[in-house]
Amino acid sequence: MHRAGHPDRRALLFGGLVVTTVALAGCSSTSAAPSATSASPEGRPASPAAAFARLMDGNKRWVSGDLQHPDRDPNRRQFVAEGQEPFGAILSCIDSRVPPELLFDTGLGDLYVMRTGGEAVGPVVTGSVEYGPMTSGTPLIVVLGHQRCGAVEAAYKSIRDGNPLPGNLEAIVKALRPAYEQAVREGGADPVDSMARAQVTLTAADLRSNQDLAPLVRKGALAVVGAYYSLDTGKVEVLAGAPS
């Protein structure tokens, strides 16, 4: 009797394993769905206003700590492996405290990102910013300055005191001189902060009006926004060019 009972018990155990496996498979497929969906949760925004709204919604999550961490899984990696359609291009500072992908709560394939000291620009940088809008219809450019910018402060002191910076750092100083001159004209209690903001607005205006991007801006296919990031709060403040 004891031996005869073994097949029935094995059958019961096997049946239980099958049921458990099916149940786990069901749970697995259910839990995988959001991950697969995250490969392209909403699709690329079709307009500058929609792209800007998505970017700023991400910053609100960053400020509050209610992060979604979208587009950051193996499914997303596979989804963008053969091609990309970023919805924004960000020109920001090299500062380690200002990573655009994090402070806008975005992920893989969402943004083109260019980072230079004090958002200094030149032909290669400008060409890199132009790449998305001109080759794949990216509808949004954001020039992002920030609080307590070391590059801006160094350039400000260099110009004010007439002391050139060493090596290629002087190229950054040269690129930031128009912002220095504007900050001096405007005055204010914090000239370095005024210079950081001036650099953003001047750079955004130059991009908005350049011969290759201006036609896209005029027909409403592109917005060029100037913005400023607070290291203290994590909030992005719009300075100019927000699409309506």
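This note sets out, in numbered points, the main features of a predicted model of one protein chain.

1. Overall composition. The chain contains nine helices and five strands. Read from the N terminus, these elements follow the order α-α-α-β-α-β-α-β-α-α-α-α-β-β. Of the 244 residues, 40% count as buried. Among contacts with a separation of 6 or more, 69% join residues that are 24 or more positions apart.

2. The largest nonpolar core. In soluble globular proteins, nonpolar side chains tend to be buried together. Here the largest nonpolar core has 18 residues, and those touching the most other members are Leu 55, Phe 104, Leu 140, Val 142, Leu 144 and Val 236. Two or more residues of this core come from each of helix 2 (48–64), strand 3 (140–146) and strand 4 (223–229). Val 236 may serve as an example of a core member: with neighbours within four places in sequence set aside, Val 236 is in contact with Met 56, Asn 59, Leu 103, Phe 104, Leu 144, Ala 227, Tyr 228 and Tyr 229.

3. Helix 2. The 17 residues of helix 2 should span 24 Å at 1.5 Å a residue, and the end C-alpha atoms are indeed 24 Å apart. The buried residues of helix 2 are Pro 48, Ala 51, Phe 52, Arg 54, Leu 55, Met 56, Gly 58, Asn 59 and Arg 61. These buried residues pack against strand 1 (88–92), helix 4 (100–103), strand 2 (111–115), strand 3, strand 4 and strand 5 (236–240). Just after helix 2, Gly 65 adopts a positive phi of about 85 degrees.

4. Ser 92 in strand 1. Is Ser 92, a residue of strand 1, buried or exposed? Ser 92 counts as buried, because its relative accessibility is 0%. Beyond residues up to four places away in sequence, Ser 92 touches Val 98, Pro 100, Met 114, Arg 115, Thr 116, Glu 119 and Leu 144. Leu 144 was named above among the core residues that touch the most other members.

5. Helix 8. Helix 8 covers residues 191–209, and its 19 residues reach 26 Å from the first C-alpha to the last, close to the expected 27 Å. Its buried residues include Val 192, Met 195, Ala 196, Val 200 and Leu 207, and also Asp 193, Ser 194 and Gln 199.

6. Packing of helix 6 on helix 8. Two packed helices are described by the angle between their axes and the distance between the axes. Helix 6 (residues 150–161) packs with helix 8 at an angle of about 115 degrees, and the two axes lie 9 Å apart. Helix 6 and helix 8 are therefore roughly perpendicular to each other, and the crossing is right-handed. At this site, Val 152, Glu 153, Ala 155 and Tyr 156 of helix 6 meet Pro 191, Val 192, Met 195 and Ala 196 of helix 8.

7. Packing of helix 6 on helix 7. Helix 7 (residues 169–186) packs with helix 6 at an angle of about 80 degrees, with the axes 9 Å apart. This pair is therefore also roughly perpendicular. From helix 6, Ala 151, Val 152, Ala 155, Tyr 156, Ser 158, Ile 159 and Arg 160 take part, and they meet Glu 170, Val 173, Leu 176, Arg 177 and Tyr 180 in helix 7.

8. Ser 158 in helix 6. Ser 158 belongs to helix 6 and is buried, with a relative accessible area of 6%. Leaving out residues up to four places away in sequence, Ser 158 touches Asn 163, Pro 164, Leu 165, Glu 170 and Val 173.

9. Val 217 in helix 9. Val 217 is located in helix 9 (residues 214–218) and is partly exposed, with a relative accessible area of 24%. Val 217 and Pro 48 are 169 residues apart along the chain, yet their C-alpha atoms are separated by 9.6 Å. The residues that Val 217 touches, not counting those up to four places away in sequence, are Arg 208, Leu 222 and Val 224.

10. Positive phi outside glycine. Most residues other than glycine have a negative phi. Which phi does His 69 have? His 69 has a positive phi of about 50 degrees; this residue lies in the loop between helix 2 and helix 3 (74–80) and is partly exposed, at 44% relative accessible area. Arg 148 likewise has a positive phi, near 55 degrees. Arg 148 sits in the loop between strand 3 and helix 6 and is partly exposed, with a relative accessible area of 48%.

Definitions and conventions. Residues are numbered from 1 along each chain as its sequence is written. This is a predicted model: local features need pLDDT of at least 70, side-chain atom pairs count only at pLDDT 80 or more; totals for chains, interfaces and linings use all residues. Side-chain values use heavy atoms; hydrogens and water are left out. A nonpolar core is a set of buried Ala, Val, Leu, Ile, Met, Phe, Trp, Tyr and Cys residues joined through side-chain atoms within 4.5 Å. Buried means under 20% relative accessible area, exposed over 50%, partly exposed in between (1.4 Å probe, protein chains only). Helices (H or I, at least four residues) and strands (E, at least two) are DSSP runs, numbered from the N terminus. Contact means heavy atoms within 4.5 Å. The expected span of a helix is 1.5 Å times one less than its number of residues. Axes are lines fitted to C-alpha atoms, for helices over the stretch in contact, and angles run from 0 to 180 degrees between N-to-C directions. Angles under 35 degrees count as roughly parallel, over 145 as roughly antiparallel, 65 to 115 as roughly perpendicular and the rest as oblique. A crossing is left-handed if the near helix is turned anticlockwise from the far one by less than a right angle, and right-handed if clockwise.
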